[in-house]
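Here are my notes on the model, as numbered points. Please read them with the structure open.

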Amino acid sequence: LLMESFEVYPNPTNGLVNVHFNLPSKSKSTIRVISLLGELIYEMEHEESLHVETRIELFDLRRTSSLYPSASLTINLCVSPFLVTYMSFVEEIPSIP
């Protein structure tokens with residue numbers, strides 16, 4: 001998989017993660033965030049595109065997962081048949097009432 005760019009920022013993060021990538025040709029893609037326990041805590045599919053930019057709000061995900069206030073996460077970018085993995089460290093996810 002030749003990618004023009006793949007960025008995940010900020011790292012470490014305090015609850016908001018930006019994912020940005022450019023592909024050499026229009027392709028469907030899927031972004032997955034997985035805890036180190038192997039729990040899928042976020043998944044978003046994108047239609048065929050050359051450019052994707054998205055923001056993941058991790059503090060919303062704490063309500064539906066066992067994500068701890070501080071954690072390491074794996075961010076996977078799947079562009080069939082390839083998989084790109086990026087490790088991200090969550091410094092502190094603030095609680096939102």
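1. Arg-32 is partly exposed, with a relative accessible area of 26%. That value lies between the 20% limit for buried and the 50% limit for exposed, so neither word applies. What does Arg-32 pair with? Glu-43 forms a salt bridge with Arg-32. The closest N and O atoms of the pair are 2.5 Å apart. Keep in mind that this is a predicted model.

2. Glu-43, the partner, is also partly exposed, at a relative accessible area of 39%. How many salt bridges does the structure hold? The count is one. Arg-32 sits in strand β2 (residues 16-35) and Glu-43 in strand β3 (residues 40-57), so the bridge ties together parts that are 11 residues apart in sequence.

3. Now the overall layout. The protein has one helix and five strands. Along the sequence the order is β-β-β-α-β-β. Of the contacts with a separation of 6 or more, 53% join residues 24 or more positions apart.

4. Burial and surface come next. The protein has 97 residues, and 43% of them count as buried. About 5,700 Å² is exposed. Carbon and sulfur atoms supply 53% of that area.

5. Nonpolar side chains in soluble globular proteins tend to be buried together. Here the largest nonpolar core has 17 residues. Which residues have the most contacts inside this core? They are Val-17, Val-19, Phe-21, Ile-31, Val-33 and Ile-56. At least two core residues come from each of β1 (5-9), β2, β3 and β4 (71-79). Strand β2 gives the most, with six residues.

6. Val-19 is worth a look within that core. Leaving aside residues up to four places away in sequence, Val-19 touches Phe-6, Glu-7, Val-8, Ile-31, Val-52, Glu-53, Thr-54 and Ile-56. Two of these partners, Ile-31 and Ile-56, are also listed among the core residues with the most contacts.

7. Ser-29 lies in strand β2. Is Ser-29 buried or exposed? Ser-29 counts as buried, because its relative accessibility is 2% and the cut-off is under 20%. Beyond residues up to four places away in sequence, Ser-29 touches Phe-21, Met-44, Glu-45, His-46, Val-52, Leu-77, Cys-78 and Val-79.

8. His-46 belongs to strand β3. With a relative accessible area of 16%, His-46 is buried. Which residues does His-46 touch, not counting those up to four places away in sequence? They are Lys-28, Ser-29, Ile-31, Val-52 and Thr-54. Val-52 is also in contact with Ser-29 and with Val-19.

9. Tyr-42 is another residue of strand β3. Tyr-42 counts as buried, at 15% relative accessibility. Tyr-42 and Leu-58 are 16 residues apart in sequence. In space they are 8.8 Å apart, C-alpha to C-alpha.

10. Last, confidence. The average pLDDT of the protein is 78, and 73% of the residues score at least 70. Which element has the lowest mean pLDDT? Helix α1 (residues 58-61) does, at 67. Strand β3 has the highest, at 90. Where pLDDT is low, the predicted coordinates should not be read in detail.

Definitions and conventions. Residues are numbered from 1 along each chain as its sequence is written. This is a predicted model: local features need pLDDT of at least 70, side-chain atom pairs count only at pLDDT 80 or more; totals for chains, interfaces and linings use all residues. Side-chain values use heavy atoms; hydrogens and water are left out. A salt bridge is a side-chain nitrogen of Lys or Arg within 4 Å of a carboxyl oxygen of Asp or Glu. Helices (H or I, at least four residues) and strands (E, at least two) are DSSP runs, numbered from the N terminus. Buried means under 20% relative accessible area, exposed over 50%, partly exposed in between (1.4 Å probe, protein chains only). Contact means heavy atoms within 4.5 Å. Accessible areas come from the Shrake-Rupley method with a 1.4 Å probe; for residues, only the protein chains shown count as cover. A nonpolar core is a set of buried Ala, Val, Leu, Ile, Met, Phe, Trp, Tyr and Cys residues joined through side-chain atoms within 4.5 Å. pLDDT is the predictor's confidence in each residue, from 0 to 100.
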